[in-house]
Amino acid sequence: MTTSNSAAQQRIEGLLGTSEAQVLQRWRQMAETPEDELRELYAALRAALSDPQGDFSDVRGLLAEFSRARARQGLTPSETSRAVFSLKEAVYEVVEATGDIETLGAYIWFARLVDDLGLYTFEIYSAAREKIIRDQAEQLLELSTPVVKLWDGIIGVPLIGTLDSARTQVVMEKLLQMLVDTGSEHAVIDITGVPAVDTQVAQHLLKTVAAARLMGAECSISGISPQIANTIVTLGIEFGDIVTKATLADALAHALRRSGVEVTAARSARISVRAERS
Amino acid sequence: MERIPILKLGDILIVTIQIDLEDQSVLALQEDLSDMVVSTGAHGVIIDITAVDIVDSFIGRVLATIAGVARMLDAQTVVVGMRPAVAITLVELGLSLGGVRTALNLEKGIALLDHVWDPAR
């Protein structure tokens with residue numbers, strides 16, 4: 001098997017060498033790809049074929065670059081792999097012209113090789129896509145969990161969107177780190193933007209509050225809508241002695257009171273109207 | 001086994017743990033602290049765990065016990081400087097250190113003790 005493979009490799013290499021111009025031209029016509037890219041690929045392919053070990057890493061590297069560039073241009077992976085597959089047809093024309101049965105056998109081996117390379121471009125394409133999706137998910141996670149300073153010694157975490165374990169973990173870590181960094185003794189978790197609270201989310205919130213307490217900070221929860229309050233009571237979730245408030249303003253007022261800050265309204269502005277003396 | 005030093009500052013005892021905690025050291029600390037509370041008549045104990053990376057369930061329980069013993073001897077215990085990772089671990093283990101007061105850092109811990117102790121004077 002290996003001997004016939006290496007024979008096929010040699011035969012194809014010879015064929016690609018002798019009728020390079022013809023194959024390249026035909027390939028370019030079918031692949032609709034800039035000629036220099038194809039020429040580069042072709043050269044790499046010939047180099048790999050002439051190597052008795054059959055090391056195709058250079059070709060794969062080039063193909064990966066090729067596939068990524070085309071993915072960025074917004075071309076579909078089918079178009080990219082079709083450009084590679086069309087090499088088979090271009091070579092077949094040359095093989096047919098020789099009319100030699102052994103060359104045909106070698107061609108079958110070559111066709112399988114090109115199929116592999118075409119599929120490889122597809123793999124690279126989907127890998128590149130997946131990386132983009134992963135990056136975006138990560139960015140979203142970062143984006144959606146800000147920790148803001150509300151007052152000296154009071155920080156706030158406005159939560160927006162559905163809470164799951166991964167997000168809650170990030171929120172928890174960020175909040176606790178922020179408590180240490182700013183030396184804040186009060187934290188307010190605002191869940192105005194959380195559409196639904198189930199037992200799991202409540203459990204996560206309770207854990208966050210418990211962890212903050214262990215570190216010596218008070219944590220209150222604000223922004224509980226009437227529906228969520230109903231759900232929590234219906235589900236029978238015990239918030240114990242955790243302070244819960246309807247709005248962020250109430251929670252801030254509570255935190256200020258606890259830290260001994262007194263806020264009084266400024267003296268109301270007096271409006272005086274005086275008739276101008278004539 | 002390393003023994004953890006206990007410092008006296010006014011009527012407060014301060015313990016700063018700067019080594020990896022072993023079960024034996026923590027148990028020794030518990031004994032030493034109760035002796036010290038009695039001999040000095042301290043009204044507050046501050047355990048600083050800023051430098052501690054790992055707190056397991058046993059150490060968590062001993063900290064709670066220390067607080068309980070100190071309370072029996074009329075001293076308040078404050079655990080200060082717990083790291084976020086340690087706090088998360090303790091919560092995941094289901095330990096809430098009931099009866100132990102906590103503060104973010106040593107300064108706030110001392111302030112807390114003053115605040116707690118003041119009315120009694």
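A nonpolar core is a set of buried Ala, Val, Leu, Ile, Met, Phe, Trp, Tyr and Cys residues joined through C-beta atoms within 7 Å. With that in hand, welcome to this structure, which is a predicted model.

**The cores**

The largest nonpolar core holds 68 residues, and the members that touch the most others are A:Leu179, A:Ala187, A:Ala211, A:Ala212, A:Met215 and B:Ala87. The biggest contribution to this core, seven residues, comes from helix 8 of chain A, residues 199–214. Take A:Ala212 as a place to start looking: beyond its neighbours within four places in sequence, A:Ala212 is in contact with A:Leu175, A:Leu176, A:Leu179, A:Ala187, A:Ala217 and A:Cys219. Another core lies apart from the largest one; it has 25 residues, including A:Ala8, A:Trp27, A:Val84 and A:Leu87. In soluble globular proteins, nonpolar side chains tend to be buried together.

**The two chains side by side**

Here is a short overview of both chains.

| Chain | Helices and strands | Buried share of residues | Share of contacts (separation of 6 or more) between residues 24 or more positions apart |
|---|---|---|---|
| Chain A | ten helices, five strands | 29% of 278 residues | 74% |
| Chain B | four helices, five strands | 37% of 121 residues | 77% |

**Strands of chain A**

A good landmark in chain A is strand 3, residues 186–193, where six of the eight residues are buried. Strand 2 of chain A, residues 154–160, runs parallel to strand 3 of chain A, and six bridges join them. Within strand 3 of chain A, A:His186 stands opposite A:Ile154. To get from strand 2 to strand 3 of chain A, the chain passes through helix 7 (residues 165–182) in a right-handed β-α-β crossover.

Strand 3 of chain A also runs parallel to strand 4 of chain A, residues 218–222, with five bridges between them. One of the pairings to look for is A:Ile189 with A:Ile221 in strand 4 of chain A. The link from strand 3 to strand 4 of chain A goes through helix 8 of chain A, and this β-α-β crossover is right-handed.

**The sheet of chain B**

Along its sequence, chain B reads β-β-α-β-α-β-α-β-α. Its five strands form an open sheet in the order 1-2-3-4-5, with mixed pairing. Strand 1 (6–9) and strand 5 of chain B each have a single partner strand, so each of these edge strands has one side without a neighbour in the sheet. From one strand to the next, the twist averages 25°.

Strand 3 (residues 44–48) and strand 4 (residues 76–80) of chain B run parallel and are joined by five bridges. B:Asp48 has B:Val80 in strand 4 of chain B as its bridge partner. Two helices can be placed against these strands. Helix 1 of chain B, residues 23–40, lies across strand 1, strand 2 (12–16) and strand 3 of chain B, at about 160° to strand 2 of chain B. Helix 2 of chain B, residues 57–72, packs on the sheet by touching strand 3 and strand 4 of chain B, and makes an angle of about 150° with strand 4 of chain B.

**Where the chains meet**

The contact takes 16 residues from chain A and 14 residues from chain B. On the chain B side, helix 3 (84–92) and strand 5 (101–103) each supply at least two residues. Helix 3 of chain B provides the largest share of that side, five residues. By type, the chain B residues that touch chain A comprise ten nonpolar, three polar and one charged.

Technical notes: Residues numbered from 1 in each chain as written. Chains lettered and ligands numbered in written order. Predicted model: local features only at pLDDT ≥ 70, side-chain atom pairs only at ≥ 80, totals over all residues. Buried ≥ 20, exposed ≤ 12 C-beta atoms within 10 Å, placed from the backbone. Contact = placed C-beta atoms within 7 Å. Nonpolar A, V, L, I, M, F, W, Y, C, P; charged D, E, K, R; others polar. Pairing = 2+ DSSP bridges. Right-handed = clockwise from strand over helix to strand, strands pointing away. Axes fitted to C-alpha atoms, helices over the stretch in contact; angles between N-to-C directions.
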